[in-house]
Amino acid sequence: MSCLRHASKWSRGNVADDFGVVLDSVQYVPSVSVPLADPFVKVWSVSDFSILHEFQKPVVVVSAGTYELSHSSHREQATPRVVFQNADCQRRFGLPRSHSACYAVVTSMSEDCRRALRDWELQVTRGRKVQQSTIDIYSVLRPLFQGIASDRPECLIRVESKPIRVETAAGQVHTAVMHTVDMDASTEDLRMTAMYLRSPIHTLMFSSTGALLGANFSALDACRLHTPGAAVESVTLKTLFDMGLYPGGELEAQSAYEEALNAVFVMQLTWRHMQPHRSRRDGKTKWSMIEMWPMNDPVTATPAVLVKRYNITQHKELEAQLSLRQGDLQRQKEDLEQASVTLQQEKLRLQQEAEKLAQQLQAVLNNKFVRRNTFDAETPIDKTLGYLETIISGGVPPLQQALELHTLLSQSDTNLRQPVGLEEQLLMGRMGSDVGQSMLQMLQGNPTKPQIHRSTIETDELPAPWSPYAHATAEAAALTAFEVPTFLDSLVPASLIPEVEHLLHTADSSWQFDVFAFAEATPGHTLSVLFFYLVKQSGVLDGLYLDEGKLCIFLQKMDRGYDPSTPYHSSTHVASVVQMTHMLLCHGGIVKSKAMDRPLMWGTYWAALVHDYEHGGLNNDFLIKTAHPLAITYSDHSPLEHHHVAAATRVFLQPECMYITPQSMSPEEVGNARNCAITQVLGTDMKKHFDILSRFQAAFKRPSVHSDLHQTPRQSLDWDRVKPEDKTLVHQMVIKCADIGHLAADHNTHKRWSYKLEEEFFRQGDKERALGLPISPLMDRDQAGGMTRSQMGFFSIVGIPLFQALTDLFKDAQVGHLALLLDSSSAHETCTLRCDTKCSCGLAL
């Protein structure tokens with residue numbers, strides 16, 4: 001009777017027709033009518049129902065109507081309407097509810113309940129025959145009558161329902177149903193009907209005390225089979241549990257019985273219990289399932305339980321068979337898994353043997369036929385550490401790696417801090433023999449061939465080392481200014497001071513400082529002005545109490561110690577190195593990390609200032625092979641770098657240049673600063689490049705296995721715990737990066753440096769030709785292309801790995817210097833690919 005939707009028309013006003021009434025803003029609309037002229041349908045009038053008042057059973061005539069809420073979204077709701085009720089119906093159930101009250105009751109019911117009532121209504125109204133059904137009479141009639149409360153217990157009653165036609169007004173005939181309620185059915189009929197509706201087989205009904213209320217024949221017969229001669233009254237709910245063959249005897253049976261009572265009557269749950277018992281026919285153990293449903297006794301409306309007991313022996317036998325089969329399958333699975341593990345182990349063993357044989361074969365082929373196409377920058381120590389770390393982490397290094405290490409370490413001439421096979425990689429690689437020889441000469445020294453004999457060179461033909469200008473001038477001696485503006489006033493024309501101040505401000509914060517523009521604005525004083533400004537801006541002078549007047553004299557002499565006619569190694573180059581050093585220290589995260597104290601910072605600035613002092617435009621190889629006095633003095637070990645430090649120190653020791661006062665630094669701090677500067681300048685010798693880089697990476701980049709001191713890149717370090725020799729590597733890396741910092745300059749600036757360095761190389765080649773010496777690779781002016789041809793090799797072998805190692809430790813430098821270097825490298829690579837012979841962009845080494 002719920003959720004029915006009729007296709008009748010709706011009325012939208014507050015005016016009732018002959019059969020409709022307005023109740024609580026709800027407009028009733030009659031269902032579809034049929035004409036009176038139908039001769040095959042009996043039509044009842046309302047007066048015809050008066051005779052039913054004498055009938056001693058409740059009779060009610062219900063007409064289904066459709067109504068809508070006036071403020072709803074046009075939603076229809078099917079509801080019943082009482083057309084007539086006899087006196088017995090009124091006595092038992094009360095007066096009819098209004099339409100609004102009926103609607104409220106229907107909508108408060110659950111969806112399942114409304115669906116059941118609707119299905120029953122459709123069933124009884126279908127056709128013209130009388131329909132008999134057993135239903136919960138209170139659930140069906142509660143929406144219709146006021147006397148049926150919502151808490152009435154379930155009551156199953158047999159009801160006869162007959163569709164009829166009712167004339168409610170002249171010319172208005174409606175479909176209705178006449179329900180006759182049999183309230184006098186026998187107790188046994190009611191209980192049997194209730195049981196039948198739940199389950200038609202093997203069913204019993206017991207009260208909450210376990211007394212038998214009803215049972216069908218098959219259920220009673222089953223109980224008598226287990227208890228021969230038992231009367232019906234002696235069968236109780238406990239009897240069903242006593243029929244079981246429990247391992248625990250009566251105690252277990254009583255426990256199962258009490259558990260079932262609690263589940264059904266207290267918790268109101270459907271309960272299932274598997275019960276073993278012995279068959280009286282063959283003596284075998286059988287299994288039964290007892291299912292119990294809570295319900296109300298349809299007669300007394302008190303709690304009851306419906307019980308069904310059926311045989312599940314075959315199910316248990318199948319279950320046992322399946323269990324045995326499952327055990328067999330589980331054992332077969334375990335056997336197969338073990339066999340699979342064995343096969344996998346054998347497969348792995350064979351694969352390892354095959355890999356070892358393939359590695360041995362590949363090692364032989366590599367040694368005989370294969371040339372490497374890419375540069376391998378790993379040193380023997382790097383390879384050994386990587387091999388050991390693989391073992392420590394539980395890995396199995398390839399056999400080929402072990403063979404290579406054994407061969408490498410067993411050779412007496414192996415340089416542990418130099419890339420493996422450096423000479424072979426450079427000379428036999430794709431860059432060309434002359435480019436490879438140039439790179440090798442720069443990074444290692446003279447290649448194996450050709451060998452230069454010094455005895456063929458006359459001593460008096462050697463060029464003299466560069467002699468600086470007069471060390472002290474009247475202007476320098478009279479210079480007593482301590483501040484940058486006064487210093488500028490004494491050195492720079494007044495018209496250029498604003499431009500110089502702007503450039504100085506840029507130098508303090510830019511990774512791409514235009515040093516050439518600054519040199520043009522400060523001719524003859526580029527280095528001294530820039531150095532003095534940057535050390536003041538950095539704050540390194542705060543607390544050192546240096547004699548700034550003598551410092552300015554020292555800077556002037558340093559400026560004059562660089563030959564302006566030297567194309568590359570001039571004061572402009574040194575100014576560029578000083579500015580890049582300042583950027584790495586103050587903006588690259590080194591000062592922020594507290595990797596240096598104030599004296600060491602001063603030593604680093606000082607190293608950048610003097611690192612090429614009195615450079616004559618000739619490299620160490622030239623000095624060595626010509627037996628130059630500097631090479632003899634320093635026993636062929638970095639003669640230029642030793643001379644730079646020594647010559648600058650001699651200037652510093654002049655009285656007018658002794659800017660360190662007793663209040664500046666302690667003797668220990670002075671010694672630390674000097675030692676720092678010496679190691680930094682000596683580290684600019686490119687022949688020490690791989691040794692310094694390899695040690696730096698081993699100290700800071702490679703994680704330590706036994707200690708947490710050496711951490712992975714980008715993690716903060718406790719610099720108080722870092723060993724002094726490892727700190728020295730950091731100091732050297734700063735100056736090394738600054739020395740080739742113009743690799744990251746903008747394209748035009750880098751191009752100018754490339755041409756300057758190439759011209760300096762060509763001048764050395766001219767001297768070698770004049771002395772009758774073999775011209776060094778890429779220094780022959782008459783050949784197509786000079787050092788610019790080696791740019792890609794220098795970028796990939798030297799530049800990028802160097803900056804990558806430093807910026808891995810100091811992440812602030814990554815956003816500046818490394819990014820610029822990578823962009824610069826990409827631009828030069830593109831340029832190289834577009835050039836047929838000589839690249840105009842060049843590379844500064």
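Mentor: Start with a term. A crossing is left-handed if the near helix is turned anticlockwise from the far one by less than a right angle, and right-handed if clockwise. H24 and H25 cross in the right-handed way. Bear in mind that this model is predicted.

Trainee: Where are these two helices, and how do they pack?

Mentor: H24 covers residues 639–652 and H25 covers residues 667–682. Their axes are 8 Å apart, at an angle of about 145 degrees.

Trainee: Which residues make the contact between H24 and H25?

Mentor: H24 brings Glu641, His642, His644, Val645 and Thr649. H25 brings Arg674, Ile678, Val681 and Leu682. By class, that contact has 4 nonpolar, 3 polar and 2 charged residues.

Trainee: What makes histidine 644 count as buried?

Mentor: Its relative accessibility is 0%. The cut-off for buried is under 20%. Histidine 644 therefore counts as buried. The residue lies in H24. Leaving out residues up to four places away in sequence, histidine 644 touches Val610, His611, Asp612, Tyr613, His615 and Val681.

Trainee: What about helices H18 and H21: why are they called roughly antiparallel?

Mentor: Take the angle. H18 (residues 526–538) and H21 pack at about 165 degrees. Angles over 145 count as roughly antiparallel, so H18 and H21 earn that description. Their axes are 12 Å apart, and the crossing is right-handed.

Trainee: Which residues meet there, and how do they divide by class?

Mentor: Leu527, Phe531, Leu534, Val535 and Ser538 of H18 meet Trp602, Tyr605, Trp606 and Leu609 of H21. The contact of H18 with H21 holds 8 nonpolar residues, 1 polar residue and no charged residues.

Trainee: What is unusual to read about glutamate 614, and where does it lie?

Mentor: Glutamate 614 has a positive phi of about 60 degrees, although it is not a glycine. The residue sits in the loop between helix H21 (598–610) and helix H22 (620–625).

Trainee: How do you know whether glutamate 614 is buried or exposed?

Mentor: Compare values. Glutamate 614 has 11% relative accessibility. Buried means under 20%, so glutamate 614 counts as buried.

Trainee: How is aspartate 636 classed, and why?

Mentor: Aspartate 636 has 30% relative accessibility. Buried is under 20%, exposed is over 50%, and partly exposed is in between. Aspartate 636 is therefore partly exposed. Aspartate 636 has a positive phi of about 65 degrees and is not a glycine. The loop that holds aspartate 636 runs between helix H23 (629–633) and H24.

Trainee: And histidine 315: why is it called partly exposed?

Mentor: Histidine 315 has a relative accessible area of 47%. Exposed needs over 50%, and buried needs under 20%. Histidine 315 therefore falls in between, as partly exposed. Histidine 315 lies in helix H9 (residues 313–368). Its C-alpha atom is 9.8 Å from that of serine 288, 27 residues apart along the chain.

Trainee: Now the strands. What makes S10 and S11 edge strands?

Mentor: The open sheet has 5 strands in the order S10-S9-S13-S12-S11, with antiparallel pairing. S10 (212–215) and S11 (271–278) each have a single partner strand, so one side of each is left without a neighbour in the sheet. The twist averages 25 degrees from one strand to the next.

Trainee: Which helix packs on this sheet?

Mentor: Helix H8 (residues 249–266) does. H8 touches S9, S11, S12 (285–296) and S13 (303–311). The direction of H8 makes about 160 degrees with that of S11.

Trainee: How do you know that S9 and S10 pair?

Mentor: Count bridges. S9 (residues 203–207) and S10 run antiparallel, joined by 3 bridges. Pairing takes at least two, so S9 and S10 qualify. Leucine 212 in S10 is the bridge partner of phenylalanine 206.

Trainee: What links S7 and S8?

Mentor: S7 (residues 156–169) and S8 pair in the antiparallel sense over 11 bridges. Serine 161 stands opposite histidine 179 in S8. S7 and S8 form a hairpin with 2 residues between them. Glycine 171 in the turn has a positive phi of about 80 degrees.

Trainee: What makes S8 mostly covered?

Mentor: In S8 (residues 172–182), 9 of its 11 residues are buried. Across the chain, 48% of the 845 residues count as buried.

Methods: Residues numbered from 1 in each chain as written. Predicted model: local features only at pLDDT ≥ 70, side-chain atom pairs only at ≥ 80, totals over all residues. Heavy atoms only, no water. Axes fitted to C-alpha atoms, helices over the stretch in contact; angles between N-to-C directions. Helix = DSSP H or I, 4+ residues; strand = E, 2+ residues; numbered from the N terminus. Contact = heavy atoms within 4.5 Å. Nonpolar A, V, L, I, M, F, W, Y, C, P; charged D, E, K, R; others polar. Buried < 20%, exposed > 50% of the residue type's maximum accessible area, 1.4 Å probe, protein only. Parallel < 35°, antiparallel > 145°, perpendicular 65-115°, else oblique.
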